[in-house]
Amino acid sequence: MIHRSMDTRTSLPAVAVKRQKGHAGLMGNDLVVEAKGLRKSYGAVAAVDGLDLEMARGEVLSLLGPNGAGKTTTVEILEGYRRRDNGEVRVLGEDPQRAGTEWRARRGIVLQNNEDVADLSVSESVRHFARFYPSPADPADVIERVGLSAKRDARIRTLSGGQRRRLDVALGIIGGPELLFLDEPTTGFDPEARRTFWDLVRDLAKEGTSVLLTTHYLEEAEALADRVAVINHGRLVETGPPGELGGRQHAPAQVSWLVQGEWRHVKTPQPTALVRQLEETFGGEVPGLTVTRPSLEDIYLELIGAAAGESGEEQLA
Ligand SMILES: Nc1ncnc2c1ncn2[C@@H]1O[C@H](COP(=O)(O)OP(=O)(O)OP(=O)(O)O)[C@@H](O)[C@H]1O
Ligand SMILES: [Mg+2]
């Protein structure tokens with residue numbers, strides 16, 4: 001994970017650059033992603049509707065947002081996979097719509113939905129994709145890193161859903177990308193595989209890879225992201241470090257304890273004072289004592305709910 005200091009008045013953390021993989025000619029401010037006023041419609045549906053997004057080199061940024069918010073469309077435009085209707089976009093210093101093969105080799109992609117590759121084994125497909133890159137990682141090493149060594153000779157069509165997803169991740173990192181796009185990479189992973197994957201992303205980040213990750217698992221965003229960006233209706237709702245989103249760090253804490261088998265709950269900005277008072281009252285250990293702050297999920301749901309209310313979007317009863 002990167003070390004950074006956060007200036008809460010600006011949207012971007014100051015990032016300590018750790019590694020530049022020998023790529024000269026970094027753009028100003030060392031941003032790997034700059035999007036301004038990004039728009040994309042499918043017929044009458046404005047999937048991306050004036051989105052502004054920036055991402056610093058070395059950052060792990062997580063895009064959060066409900067189904068249909070425009071995350072995949074945004075990511076695919078940044079990857080150079082989809083054309084935008086409007087807006088300015090620079091990714092690794094170039095316009096993804098015009099960038100050539102050299103640029104493409106510098107970013108790695110894990111799509112939300114993959115078309116099936118030919119009837120290859122795991123090892124064959126990783127080696128096959130390695131050939132597209134000027135300085136790929138070692139295929140056996142990558143297969144090991146995603147936990148597929150035992151399946152290296154298995155045909156892709158025989159893999160389980162989670163194993164197939166791990167292969168997608170392997171193909172995303174085989175080129176040794178500077179910037180890695182992960183669109184819901186851990187969907188279908190079992191809990192252990194998810195933890196292993198988190199370690200892999202942390203290692204990549206430590207090595208200096210910038211990572212743009214979409215996920216519906218809030219604990220995944222919390223575990224991995226230096227910063228999250230909440231998107232709804234194709235627009236940026238709010239961005240900040242997971243611990244500070246929506247003023248989370250200043251939110252009152254809930255103190256709960258038991259009195260003769262019944263729960264008491266109090267919300268307070270000064271939980272320490274209350275706990276001290278409770279300790280005195282009980283003359284020691286306070287039964288069932290817990291102190292909690294709003295989770296990232298609580299804050300996220302609040303932000304999404306507020307945004308839905310503002311836009312007059314119909315809501316389910
Ligand atoms: N190829 C397409 N043709 C028509 N409409 C599309 C297409 N792709 C996406 N859309 C629409 O654009 C909107 C945004 O879709 P997108 O896939 O970007 O959302 P998302 O945030 O990635 O959602 P999810 O969390 O479900 O993956 C949705 O309303 C979707 O129905
Ligand atoms: Mg999506």
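Two strands are taken as paired if DSSP finds at least two bridges between them. The model analysed here is predicted.

By that criterion, three strands make up an open antiparallel sheet, ordered β13-β12-β14. The edge positions belong to β13 (262-268) and β14 (290-292). Each has a single partner strand, so one side of each lacks a neighbour in the sheet. On average, neighbouring strands are turned by 20° against each other, direction ignored. Strand β12 spans residues 253-259 and pairs with β13 over seven bridges, in the antiparallel sense. Within this pairing, S256 has H265 of β13 as its bridge partner. Helix α8 (residues 271-282) packs on the sheet. Contacts from α8 reach β12, β13 and β14. The direction of α8 makes about 15° with that of β12.

Helix α1 covers residues 71-79. Nine of its nine residues are buried, so α1 is largely enclosed by the rest of the structure. The buried set comprises K71, T72, T73, T74, V75, E76, I77, L78 and E79. G80 follows α1 and has a positive phi, near 85°.

Helix α1 also contributes to the surroundings of ligand 1. The shell consists of Y42, V45, A47, G65, N67, G68, A69, G70, K71, T72, T73 and Q112. Two elements, β4 (45-56) and α1, give two or more residues to this shell. The largest share, three residues, comes from α1. By character, the shell residues divide into four nonpolar, seven polar and one charged.

Methods: Residues numbered from 1 in each chain as written. Chains lettered and ligands numbered in written order. Predicted model: local features only at pLDDT ≥ 70, side-chain atom pairs only at ≥ 80, totals over all residues. Helix = DSSP H or I, 4+ residues; strand = E, 2+ residues; numbered from the N terminus. Axes fitted to C-alpha atoms, helices over the stretch in contact; angles between N-to-C directions. Contact = placed C-beta atoms within 7 Å. Buried ≥ 20, exposed ≤ 12 C-beta atoms within 10 Å, placed from the backbone. Near = placed C-beta within 6 Å. Nonpolar A, V, L, I, M, F, W, Y, C, P; charged D, E, K, R; others polar.
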